[in-house]
Amino acid sequence: TDFFAVRTKSDKKNGIKAKALNPRDSDKKNLIIMDEVDGMSSGDRGGMQELVGYIQKSKIPIICICNDRQKPKVRTLANYCLDLRFRKPTSQQISNRLYNIALN
């Protein structure tokens, strides 16, 4: 379903209106990233339920990112998502990764 619309930088410069995303339109892979979904519930009525509706209907993967997994609204959202938790990397892990990047 066509829930979301996007514009490229050139579209914006040329005044082209947003185009609906449809996974069948091209061979490109698309996804939607929703950051700070734990902050959606503050002052926004029905936003989380709307997002859940999009997740249920969309054929495009939706990545929802939050900082506070324990908020009641986010717990409701988690019923419709694959919950992946990430830990903060240690200083040693960061150091090793930067060293490997510098070598290449």
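Is Glu 36 buried, partly exposed or exposed? At 39% relative accessibility, Glu 36 counts as partly exposed. The legends below take this residue and others in turn. The model is predicted.

**Figure 1. The whole chain contains 4 helices and 4 strands.** Start with the overall layout. Along the sequence, the elements follow the pattern β-α-β-β-α-β-α-α. The protein chain has 104 residues. Buried residues make up 19% of them.

**Figure 2. Glu 36 has a positive phi.** This residue lies in the loop between β3 (32-34) and α2. The phi of Glu 36 is near 60 degrees. Glu 36 is a residue other than glycine. Most residues other than glycine have a negative phi. The relative accessibility of Glu 36 is 39%, so it counts as partly exposed.

**Figure 3. Asp 38 is a buried residue in a loop.** Look in the loop between β3 and α2 to find Asp 38. The relative accessible area of Asp 38 is 6%. Buried means under 20%, so Asp 38 is buried. Now find Val 74, which is 36 residues from Asp 38 along the chain. The C-alpha atoms of Asp 38 and Val 74 are separated by 6.0 Å.

**Figure 4. The largest nonpolar core has 10 residues.** Its members are Ile 32, Val 37, Met 40, Met 48, Leu 51, Val 52, Ile 55, Ile 60, Ile 62 and Leu 77. Which helix gives the most to this core? Helix α2 (residues 47-57) does, with 4 residues.

**Figure 5. Ile 32 and Ile 60 both belong to the largest nonpolar core.** Ile 32 sits in strand β3. With a relative accessible area of 10%, Ile 32 is buried. In sequence, Ile 32 and Ile 60 are 28 residues apart. In space, the two are 7.2 Å apart, C-alpha to C-alpha.

**Figure 6. The side chain of Ser 58 reaches the backbone of Ile 60.** Ser 58 is placed in the loop between α2 and β4. What does its side chain reach? The side chain of Ser 58 reaches the backbone nitrogen of Ile 60, at 3.0 Å. Ser 58 has a relative accessible area of 14%. That value is under 20%, so Ser 58 is buried. Its contact partner, Ile 60, is a member of the largest nonpolar core.

**Figure 7. Arg 69, Asp 83 and Arg 85 are linked in a network of salt bridges.** How many salt bridges does a search of the whole structure find? The search finds 2. In one, the side chains of Asp 83 and Arg 69 meet, at 2.9 Å from N to O. This pair links distant parts of the chain. Asp 83 is in the loop between α3 (72-78) and α4 (91-103). Arg 69 is in the loop between β4 (62-64) and α3. The two residues are 14 residues apart. Another salt bridge joins the side chains of Asp 83 and Arg 85, at 3.2 Å from N to O.

**Figure 8. The residues of the salt-bridge network can be compared by exposure.** Asp 83 has 34% relative accessibility and counts as partly exposed. Arg 69 is partly exposed too, at 22%. Arg 85 has 61% relative accessibility. Exposed means over 50%, so Arg 85 counts as exposed.

**Figure 9. The largest pocket has a volume of about 490 Å³.** Its lining has 20 residues. Which of them lie nearest its centre? Cys 64, Ile 65, Leu 82, Asp 83 and Leu 84 do. The elements that give two or more residues to the lining are β4 and α3. By class, the lining has 15 nonpolar, 1 polar and 4 charged residues. Asp 83, listed here by the pocket centre, also takes part in the salt-bridge network.

**Figure 10. Leu 82 is an exposed residue in a loop.** This residue is found between α3 and α4. Leu 82 has a relative accessible area of 72%, so it is exposed. Leu 82 is also one of the lining residues nearest the centre of the largest pocket. Along the chain, Leu 82 and Ile 63 are 19 residues apart. Their C-alpha atoms are separated by 9.4 Å.

How values were computed:
Residues numbered from 1 in each chain as written. Predicted model: local features only at pLDDT ≥ 70, side-chain atom pairs only at ≥ 80, totals over all residues. Heavy atoms only, no water. Salt bridge = Lys/Arg side-chain N within 4 Å of Asp/Glu carboxyl O. Buried < 20%, exposed > 50% of the residue type's maximum accessible area, 1.4 Å probe, protein only. Core = buried A, V, L, I, M, F, W, Y, C linked by side-chain atoms within 4.5 Å. Polar contact = N/O pair within 3.5 Å; in protein donor to acceptor, adjacent residues only side chain to side chain. 1 Å grid on protein atoms, 1.4 Å probe; cavity = no way out; pocket = protein on both sides within 12 Å on 5 of 7 lines; lining within 4 Å. Points joined across faces, edges and corners; volume = space filled by probe spheres on them. Nonpolar A, V, L, I, M, F, W, Y, C, P; charged D, E, K, R; others polar.
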